[in-house]
Amino acid sequence: MENTHINSSSKFVASQSDFQKLILILKKENYTIIAPKVKDNAIIYDEIVSAEDLPIGIKDKQEKGKYFIEKTSSGKYFDFVVGPNSLKNYFFPTEKIIFKAVKNKNGFDILEENYETKKYAFIGVRSCDLEGLKTQDKVFLNGQYKDSYYKKIRDEALIISVNCTTKADTCFCVSMNSGPACKTGFDLSLTEIKLNPSHYFIIEVGSVMGEKIISKLKLLLATEKEISAGENLIEQNKNNFIRNIETKNLKEKLFKNFESPIWDEIATRCLSCANCTMVCPTCFCSTVEDITDLKGENAKRISKWDSCFTIEHSYIHGGNIRSSVKSRYRQWLLHKFSYWVDQFDTFGCVGCGRCITWCPVGIDVTEEIKKITK
Amino acid sequence: METNNFDKILPKPFIVKKFKKETHDTFTIDLISKSSKFDFKPGQFNMLYLFGIGEVPVSISGNAQNAKTFIHTIRSVGTVTKKISKIKSGSVIGVRGPFGSHWPIEEAKGKNILIIAGGIGLAPLRPVIYNILDQRKSFNKVALLYGARSMNDILYYKELETWRAKLDFDLHVTVDRGDKNWRGEVGVVTTLIKKISMDWNNTIAFICGPEIMMRFVLEELLDLGMKENEIYISMERNMKCAVGICGHCQIGKEFVCKDGPVFKFSRMKDYFLKREL
Amino acid sequence: MKQTLEAILKDHPFVKDLNPKHLHLLIGCAANIRIEQGKYLFKENQPAENFFFIRKGQIAIESFIPGKGQITIQTVDDGDILGWSWLIPPYKWHFDAKATTPVRAITLDAKCLRTKCEKDFELGYEMMKRVAYLMENRLQATRLQLLDFYGN
């Protein structure tokens with residue numbers, strides 16, 4: 001309705017068909033739409049073209065070292081949580097050219113890379129992933145050096161988040177103060193409500209960009225009853241989290257236990273496979289590779305994802321500072337829950353539980369932290 | 001790209017103006033650029049890029065006053081440095097920087113300065129020595145203790161002789177292995193500390209060398225009564241980006257590339273004795 | 001003004017907190033000496049008959065390596081103590097010691113000191129404690145040299 005005053009905390013109600021229309025509007029606006037999609041028996045963030053591509057009725061089950069999905073007849077669009085990839089893959093790609101260089105008679109020229117980036121609309125971003133993005137912003141945008149590729153994608157991205165009304169056993173966002181409800185940082189935030197026979201979404205506006213998009217849908221403001229229904233679902237979801245972490249004084253407690261025998265015990269299980277760093281929405285280590293073509297006339301420098309679990313991560317003149325698996329696991333955990341706090345004013349963990357699910361030997365950070373800080 | 005990123009991420013081509021062999025595995029190159037203006041502070045480093053091969057962080061070892069060239073003393077230890085060791089004058093090397101923190105000479109005004117260098121550690125300290133000598137009257141006693149492996153591994157021999165001749169500069173050099181031609185002291189650099197008489201309550205120390213050497217030197221200095229916030233050390237770690245986003249150079253919460261490489265020891269003390277940190 | 005040996009020795013760290021009775025016993029074995037630059041204080045395998053408090057000058061502890069000649073392993077100078085082989089059987093020197101500058105030192109006669117230590121166990125214990133401390137420091141420094149930490 002043109003007369004409805006839209007402000008940044010307006011909540012609207014949208015039907016299923018409104019939601020389907022929303023996606024079509026985004027397509028018309030030339031967004032590349034990234035949303036949860038089933039692929040290879042997992043739900044990952046991938047490109048979609050319509051609401052039908054979403055994992056409708058799919059539910060996930062996660063435990064340490066275990067992940068599977070199953071079909072249900074719920075008809076819900078978002079009845080699952082997070083899968084093996086995160087927004088990180090889009091903002092901080094696995095490989096990226098930093099510069100190209102060309103030999104010339106005076107030596108060489110360095111060519112700045114002009115990134116061709118896509119305008120992304122992310123739909124279905126969970127609170128933990130939203131917080132994960134904000135955490136990565138601190139690394140790539142807030143330091144003395146700002147990553148231009150990251151900034152470009154970030155500035156153009158539209159984020160439509162989803163408040164979680166379900167959870168997996170591996171989730172612990174409440175402990176990390178990053179969920180299940182999305183607080184800030186979204187353009188639009190959805191809460192899906194399916195109380196047969198009704199199926200609708202509460203859409204909260206979070207920014208001017210969000211306002212612009214939603215105004216094209218001509219939605220009604222949500223009623224008190226509709227808003228409460230959504231809030232109740234979220235409130236209920238806050239109960240019964242199986243996993244938690246005590247974050248009070250965690251930074252100091254973990255570091256104090258630098259010599260704990262628990263690290264040695266973990267090292268007997270950890271494969272240093274780096275799965276946890278790959279699925280983690282906040283891990284940011286990268287390495288560089290310099291290559292030339294066969295003639296040696298053109299060179300490029302590429303940045304690639306790296307992990308502190310690799311033995312060469314800490315290589316320096318002829319040796320590795322952290323050669324043992326124990327020291328590498330310890331570095332990862334201490335960085336995430338201790339050093340990060342001093343570096344970026346926040347924990348490097350958003351409680352998404354991916355590292356627990358995707359660890360092939362099922363190492364559970366919430367368990368290990370309890371043991372170490374006992 | 002924002003202009004502030006240009007210097008930090010894209011190497012600028014510099015020409016090797018001079019190449020000098022210092023010892024059997026160490027050499028010094030002078031790099032000049034027609035188009036770039038630069039200045040640096042003692043203690044900072046550049047990332048030197050060899051076309052298509054890779055980059056290596058190297059401290060700047062020249063005089064920071066009116067610097068017209070970037071001077072780097074490099075030890076040939078890995079792929080990139082071995083390649084640089086074969087470079088000829090006139091070749092082009094990419095440079096990005098300068099990066100990192102500097103030796104805080106301003107903290108030492110009116111105080112004594114003790115500089116302890118081990119091996120190639122003298123290279124990142126040379127700019128601050130120049131700086132100190134340029135403003136000698138601002139400081140009380142100044143001493144340099146330098147330990148090298150053997151006589152053939154001593155860097156900047158001629159300069160050391162010039163410094164030794166100064167009346168207001170206390171210089172002691174020792175080697176780990178003596179030989180026929182060496183008439184000076186033989187023994188590890190920690191043994192030189194007790195030969196200096198300084199008021200340890202009014203002294204700032206700048207130390208650079210292998211971590212194990214710094215560990216023992218620190219023990220001596222702290223035993224003598226120096227405080228953790230009066231001692232500065234230069235640390236080294238694996239570096240890729242030099243701007244604090246690749247995660248490689250971290251020591252605990254500190255990024256060596258931007259919080260260091262020069263650190264007040266109080267910032268490092270919780271980490272220094274922890275193995276495999 | 002000629003200083004007495006006691007006055008010179010008593011401030012040396014080696015005899016710190018040594019009871020005056022024992023210091024007196026030590027002085028009884030002490031003498032002032034001068035060594036010319038280039039002269040050897042002792043050579044490998046010679047009986048260890050003295051120990052030296054170096055007042056001024058530098059001494060190089062050397063070993064002869066066939067094919068390489070005299071190699072300096074360590075240097076000691078002002079304020080250092082040289083030698084403890086006089087206290088440990090077989091009372092023989094294991095290295096050469098050459099004055100690389102003119103040296104002024106106080107030497108203590110080993111037989112005299114050993115006899116006094118056997119008669120007065122308290123003195124003996126004090127000597128052992130202090131020599132052990134010296135050896136520990138020297139061993140530490142030598143180990144660091146061994147680590148060859150400027151190498152790769």
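**Notebook: the disulfide and a sheet**

I looked first at the link of C:Cys29 and C:Cys112, which is left-handed, with -70° about the S-S bond. The model is a predicted one, and the S to S distance in this disulfide comes to 1.9 Å. I then searched the whole structure and found one disulfide over all chains.

Next I asked which parts this link ties together: C:Cys29 lies in the loop between α2 (20–27) and β1 (30–35) of chain C, while C:Cys112 lies in helix α3 (residues 110–119) of chain C, so the pair joins parts that are 83 residues apart in sequence. I looked up the accessibility of both ends, and C:Cys29 counts as buried at 6% relative accessibility, whereas C:Cys112, with a relative accessible area of 22%, is partly exposed.

I also checked two cysteines outside the link. A:Cys164 is in no disulfide, and its nearest cysteine sulfur, that of A:Cys128, is 6.2 Å away; A:Cys164 counts as buried at 9% relative accessibility. B:Cys241 is in no disulfide either, with the nearest cysteine sulfur, that of B:Cys246, 3.6 Å away; because a disulfide requires sulfur atoms within 2.5 Å, I did not count this pair. B:Cys241 is buried as well, at 9% relative accessibility.

Turning to chain B, I traced an open sheet of six strands with antiparallel pairing, in the order β4-β3-β6-β1-β2-β5. Its edge strands are β4 (54–59) and β5 (70–75), each of which pairs on one side only, and the twist averages 40° from one strand to the next. Within this chain I followed β3 (residues 45–50) and β6 (residues 92–99), which pair in the antiparallel sense over four bridges, and noted that B:Leu48 stands opposite B:Val95 in β6(B).

Key
Residues are numbered from 1 along each chain as its sequence is written. Chains are lettered from A and ligands numbered from 1 in the order in which they are written. This is a predicted model: local features need pLDDT of at least 70, side-chain atom pairs count only at pLDDT 80 or more; totals for chains, interfaces and linings use all residues. Side-chain values use heavy atoms; hydrogens and water are left out. Two strands pair if DSSP finds at least two bridges between them. Helices (H or I, at least four residues) and strands (E, at least two) are DSSP runs, numbered from the N terminus. Axes are lines fitted to C-alpha atoms, for helices over the stretch in contact, and angles run from 0 to 180 degrees between N-to-C directions. Buried means under 20% relative accessible area, exposed over 50%, partly exposed in between (1.4 Å probe, protein chains only).
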